[in-house]
Amino acid sequence: MPSAHVLVIEDNQRIGDKLVEVLGLNGFEVTLARDGQSGLSAFHAARPDVVVVEHLLPGVPEGRIVDHLRAADEEVPIVVMASTGRAQTRMLQLGDAFIQGFLVKPLDRKSTRLNSSHTVISYAV
């Protein structure tokens with residue numbers, strides 16, 4: 001059985017690399033994009049099973065990457081990462097049809113290991 005493909009879109013190198021490591025160790029095939037435009041290109045090139053994305057990224061008009069992903073595909077599960085309560089509130093107000101999970105940054109070692117892999121696994125299988 002092939003592993004689920006996860007697209008991680010994160011401009012912070014440390015966080016992006018850690019997510020690739022943790023998800024890879026949990027058996028996922030992972031693609032990492034470091035800005036919004038690269039993330040959208042990777043998304044269109046090979047539709048992933050799940051997207052883990054930073055809420056605001058360079059390279060996307062108005063920084064609204066989630067809006068662009070959702071406009072391209074209404075069904076792919078999206079897990080959003082953000083460091084502000086305001087971003088979390090906005091995403092949660094949009095409802096489960098818009099995003100399926102939320103990770104609060106900064107991600108510490110334990111939460112990165114447990115929460116991100118658990119959140120992604122629950123939407124990828």
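Visitor: At what angle do the axes of helix 2 and helix 3 cross, and what makes the pair roughly parallel or roughly perpendicular?

Guide: In this predicted model, where local features need pLDDT of at least 70, side-chain atom pairs count only at pLDDT 80 or more, and totals for chains, interfaces and linings use all residues, the two axes cross at roughly 15° and come within 11 Å. Angles under 35 degrees count as roughly parallel, over 145 as roughly antiparallel, 65 to 115 as roughly perpendicular and the rest as oblique, so helix 2 is roughly parallel to helix 3. The axes are lines fitted to C-alpha atoms, for helices over the stretch in contact, with angles from 0 to 180 degrees between N-to-C directions.

Visitor: Which residues make the contact between these helices?

Guide: Helix 2 brings Gly-36, Leu-40, Phe-43 and His-44, while helix 3 brings Ile-65, His-68, Leu-69 and Ala-72. Contact means heavy atoms within 4.5 Å.

Visitor: And how do you know what counts as a helix here?

Guide: Helices (H or I, at least four residues) and strands (E, at least two) are DSSP runs, numbered from the N terminus. The protein chain has five of each, in the pattern β-α-β-α-β-α-β-α-β-α. Residues are numbered from 1 along each chain as its sequence is written, and side-chain values use heavy atoms, with hydrogens and water left out.

Visitor: Why is Val-51 called buried or exposed?

Guide: Buried means under 20% relative accessible area, exposed over 50%, and partly exposed in between (1.4 Å probe, protein chains only). Val-51 has 0% relative accessibility, so Val-51 is buried. This residue belongs to strand 3. Apart from neighbours within four places in sequence, Val-51 touches Leu-7, Ile-9, Phe-43, Leu-69, Val-76, Pro-77, Ile-78 and Val-79. The C-alpha atoms of Val-51 and Val-6 are 5.7 Å apart, although the two residues are 45 apart in sequence.

Visitor: What about Asp-73: why is it called buried or exposed?

Guide: Its relative accessible area is 18%, and the cut-off for buried is under 20%, so Asp-73 counts as buried. Asp-73 sits in the loop between helix 3 (65-72) and strand 4 (78-82). Setting aside neighbours within four places in sequence, Asp-73 is in contact with Phe-43 and Arg-47.

Visitor: Which residues of helix 2 are buried, and how do you know where they sit around the axis?

Guide: The buried ones in helix 2 (residues 36-45) are Gly-36, Gly-39, Leu-40, Ala-42 and Phe-43. Their arc around the axis is only 165°, so they lie on the same side of helix 2. The arc is that of the directions from the helix axis to the C-beta atoms. These buried residues pack against strand 1 (5-9), strand 2 (29-33), strand 3 (50-54) and helix 3.

Visitor: What do the buried residues of helix 3 line?

Guide: In helix 3, Ile-65, Val-66, Leu-69 and Arg-70 are buried. Their arc is 125°, so they line one face of the helix.

Visitor: What makes the pair of Glu-10 and Asn-12 a polar contact?

Guide: A polar contact is a pair of N or O atoms within 3.5 Å; within protein, one must be able to donate a hydrogen and the other to accept it, and residues adjacent in sequence count only if both atoms are side-chain atoms. The Glu-10 side chain reaches the backbone nitrogen of Asn-12 at 2.8 Å, so this distance fits the 3.5 Å limit. Glu-10 is in the loop between strand 1 and helix 1 (13-25), and its relative accessible area of 0% makes Glu-10 buried.
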